[in-house]
Structures are given as C-alpha cells and as structure tokens.
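Biologist: Please take one part of this model and look at it closely for me, explaining each term as you reach it, and then move outwards from there.

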Amino acid sequence: MVFNSLTFLVFFGIVVAVYLLPLPWRYRKLHLLVASYLFYAAWNPPFVVLLWISTLVDWFVSRRIPLARNTLHRRVLLVASLATNLGLLGFFKYGGFLLENFTRLIGLLGVQYRPPDLDIFLPIGISFYTFQTLSYTIDVYRGSLKPWPSFLDFALFVTFFPQLVAGPIVRASTFLPQCLIPKWPSRSQFAWGVTLLVLGLVEKVVLADTLMAPVADLVYAQPLAAGFVDAWVGTLAFSAQIFFDFAGYSTCAIGTALCLGFSLPDNFRYPYGAVGFSDFWRRWHVSLSTWLRDYLYIPLGGNRRGSRRTRANLMLTMLLGGLWHGAAWRFVVWGGLHGSYLAAERFVKRRFGHRRWGRSTSVRLLLVLLTYGLVCLTWVFFRAQDFPGAFAIARAMLVGGPNLLKLGSFNVALVAATTLALLGSHWLMRDRRLEDVAAKLPWWARGVALAVLLILLILSPSNDRAFIYFQF
C-alpha cells in the first residue's frame, strides 16, 4: 500500500473516521497500532513478525537496562538489542551481498565455491524502523531517556504507519510524549495536513514520476551512449526525481500524521540551496544524517581528537551511511565521495573561512552551484545499475561521450527549467518554513493553490512506481 494509490486513500479515510470517534484515548491508540500493522501487512504479511521481534526485544531490553547489576550486564543487554536488530537487518539486506563478495574473494585465492541461492526478499522499511527502535534502546542505555511505561505507546512508536516504511526516522523522545495526551486535530491542523498530503503526492506523481523519471530512465538505460549534454540532462533529471520522490514521501508522512494530531520532524530543508556539503547534510534526509551524527560520528570521537581522526570519522560515517542505502559497492562509493567532500570542506574552511569575501551573496551563490554540481556527480553512482554504467555517465559529464542518444529539445528544456526552478526555490526558501510562508497568504490564495495541486494530481497519468526509498 503506497500513498499514491486509491487503496491508501480508502484505508486512510476509514482510519481517520474511526480515530475521530469519541472513544477512550487508549482504544484510539490501539486502533492506530492495528491500522499500522495492517498497513505494513499489505505488502507481505509474514514480515510483520520482524516488527514484533524488534518491538519485543527492545521493549524488554530497555526495561532491564536500569535494573542491571553492573556495567558489564548493561553492555550485554545493549549488545543483545544491537545483535538482534542489526542481525535481522544484516541477514535480509546484506546476506546476499556478503555471500557474493565472499565467493569472489575466495575465488581470487583459487577456491571455487558455488553458494546456494538464498533468494532473500528485503522487508520493506527495515532500514528505517531498525534505526528507529535502536535509537530508543541506546538512549535508555546512555541515560538520556527513561524506559517508557506503556507498551502500547512504544509499539505504536515503532510501527506508526505514516512514517513506517520510509521515514522520517523519529526519535522516541519526540514521539512518545505525544502519546500521553489525547490527540484531536484542530481544523487548521487537519487542513494543513491534507494540504501537505496533496503537495507530497504532486511532488511524487507529477514532478518525480511524470516529468523527471522518464528522462533519467532514458539516459541511464543506455549509459554507454550518453554524450556530455545527455549525461548532464539525465543526471539533473534524476537529482530532481529523487528529491521530489523522497521529499514527497516525507511530506505525505508529515501531513498524514498531522491529520491524526501527531507532529513528525522535517526531513528536508531545501537541500539544493545548501552552501557546502555540511550544510547539504543538515538539509537532506535530516533524520538519517542526525541519527548517524548522534549514534555513530560522535561516539567515534567526532571532531574532538584532531584533524586526522576527524577526517577518518567523517569518512567512516559516510561510508556506512552509503552502505545503509543499499547492498552494493556503488552506494559505498556514493558515501565515500560525500565523506571526501566533507573532509575537503573542513580543510578549505580552516584556510579561507575567515575571509570576508567568502560571506558575500555572489560567492555564496557560486558555492550553491558548486555544491549542487558535485552532489549531482555522486548521484551517478546512486542511480546507475552497475559500475561500467556509472563510470560511463561520469566520464561523459566530465569530458564528453559518443552522444548517440537523442533526448530531444523538449526534454532538455524541461529538465533545464525544472532545475532552475528547483535551485531558485531552494535558495529563496533555505531560511524559511513553508508553513510560515503559507500562513502569510490570504485564505483564498491558499485555496486556489490547493485547487491547482488537486487538478495537477487528477490530470496526471497514473503509474505504479513505488517510492525510491522503499528499496532501502
């Protein structure tokens, strides 16, 4: 079940109708929990068991940690949680990848081994809910969070359907306190939630799937034939597609939750208006970047142990962040490039960050373009199906290629116009919130904007494209 389906709209309508009945708060939360399990089971019912395992293990482990007799006992409990959650994630997501690379490694040593076909099916959303439930146990272990007294609340935190399969990755300290007081969304909350849901669907269905995806697919289906313009147009199309696709999901999730009276954190803050790569990661997939910062980068030592250790910590964090996105070396390269960018940026800031000219608007705009261009180069390894294709596109972007593709002037103009609009809007909105901007508009202007979005959504051709981040 996906947001961009009629099935979800019917499901959500029923969920909201029952949720708003004058029932005790406990029963309304139980209703949301059951609805969340049904939402997840719509893909593959047996995998609900994995949700139950993660929920039960972290619930009981977190309750035992404060009662532990000593530090060793506490660590054993934490390791039990880590082993269970990361073990499930490792088997289902990386089992085939590890077996394939092990076979290649021993093949280089002269040992011929034909592994069995594991045929592992990746449970949808496992990367997201694993990080979410792990963060709860780690926070309890650190003492920054007390074990939550209500199992119902905790189970709902793990499985809350608006953000279950593709984020945002919500912290327990953000979600669980919202379960204490009965939620009755106000008219303004509900209206803004519906608006965000419609906006997210337009981003996904119209901008990502209808306009940008066909151009990116055309170029990346024939990477060896791409010339300089082809490679850049295809990659710019994908940079817009993945933003509209993933930000569209997050916007739908935030809007859906708001219709139920719950608040979820922003996951995107106009990342293509970023001035530099540290700024980019403060704006792109914020819930993941802050998770990696708090539970990996800082525990490794962060920037407190000298420049060399800082660069190593940055690189390791981004390499693992890349691997989180997919069980393929292409994602590791993607993460490694971002780690290199961040390390290089730290060096440049130390040398030139104090210069006054570096704070001028013109220089900042140039840095936005440079950041975006280098980010686009990393998207090549994210989108390509294999290394030969990725290297062919990257080479064409840098030095040109055979130019055998015929994209047509319409596709080139469409991608160019979309890219300019995307960069311009992100620059203008980089220090603003959409809700604040909308609040300053008269009611009729907001109504017209919503009507336009609905018309675009209705007129857009339907397709069966899943959200890109569902595969992670």
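Modeller: Helix H12 (307–325) and helix H13 (329–352) each give at least two residues to the lining of the largest cavity, where a helix is a DSSP run (H or I, at least four residues) numbered from the N terminus. Please keep in mind that this is a predicted model, in which local features need pLDDT of at least 70 and side-chain atom pairs count only at pLDDT 80 or more, while totals for chains, interfaces and linings use all residues. Residues are numbered from 1 along each chain as its sequence is written, and side-chain values use heavy atoms, with hydrogens and water left out.

On a 1 Å grid over the protein atoms alone, a cavity is a set of points where a 1.4 Å probe fits but cannot get out, a pocket is an open set with protein on both sides within 12 Å along at least five of seven lines, and lining residues have an atom within 4 Å of a point. The structure holds 1 cavity of 30 Å³ or more, and the largest cavity has a volume of about 40 Å³, a volume being the space filled by probe spheres set on the points, which are joined across faces, edges and corners. If you look for its walls, you will find Ser 307, Arg 311, Ala 343, Arg 346, Phe 347 and Arg 350, and H13 gives the most to this lining, with 4 residues. Sorted by class, the lining of the largest cavity has 2 nonpolar, 1 polar and 3 charged residues (Ala, Val, Leu, Ile, Met, Phe, Trp, Tyr, Cys and Pro count as nonpolar, Asp, Glu, Lys and Arg as charged, and the others, Gly among them, as polar).

From the cavity we can turn to the largest pocket, whose volume is about 1,000 Å³. The largest pocket is lined by 37 residues, and those nearest its centre are Leu 199, Thr 251, Phe 268, Tyr 270 and Leu 434. Helix H8 (187–221), helix H9 (228–259), H16, helix H17 (434–439) and helix H18 (443–459) are the elements that supply two or more residues to the lining of this pocket. In the lining of the largest pocket, 22 residues are nonpolar, 7 are polar and 8 are charged. Tyr 270 deserves a second look, since this residue is found in the loop between H9 and helix H10 (277–281) and has a positive phi of about 55° although it is not a glycine. Most residues other than glycine have a negative phi.

Two of the helices that line the pocket also pack against each other: the axes of H8 and H9 come within 7 Å and cross at roughly 160° (axes are lines fitted to C-alpha atoms, for helices over the stretch in contact, and angles run from 0 to 180 degrees between N-to-C directions). The contact of H8 with H9 involves 27 nonpolar, 10 polar and 5 charged residues.

H9 has another partner as well, for the axes of H9 and helix H15 (residues 387–399) come within 7 Å and cross at roughly 115°. Here the contact (heavy atoms within 4.5 Å) is made by Phe 228, Ala 231, Trp 232 and Thr 235 of H9, together with Ile 393, Ala 396 and Met 397 of H15. That contact of H9 with H15 has 6 nonpolar residues, 1 polar residue and no charged ones.

Following the chain onwards, the loop between H15 and H16 holds Asn 403, which is not a glycine and yet has a positive phi of about 60°. H16 (residues 409–429), in turn, packs with helix H14 (residues 361–383) at an angle of about 130°, and their axes are 12 Å apart. On the H14 side, the contact is made by Thr 361, Arg 364, Leu 365, Val 368, Leu 369 and Tyr 372, and on the H16 side by Thr 419, Leu 423 and Trp 427. By class, the contact of H14 with H16 comprises 6 nonpolar, 2 polar and 1 charged.
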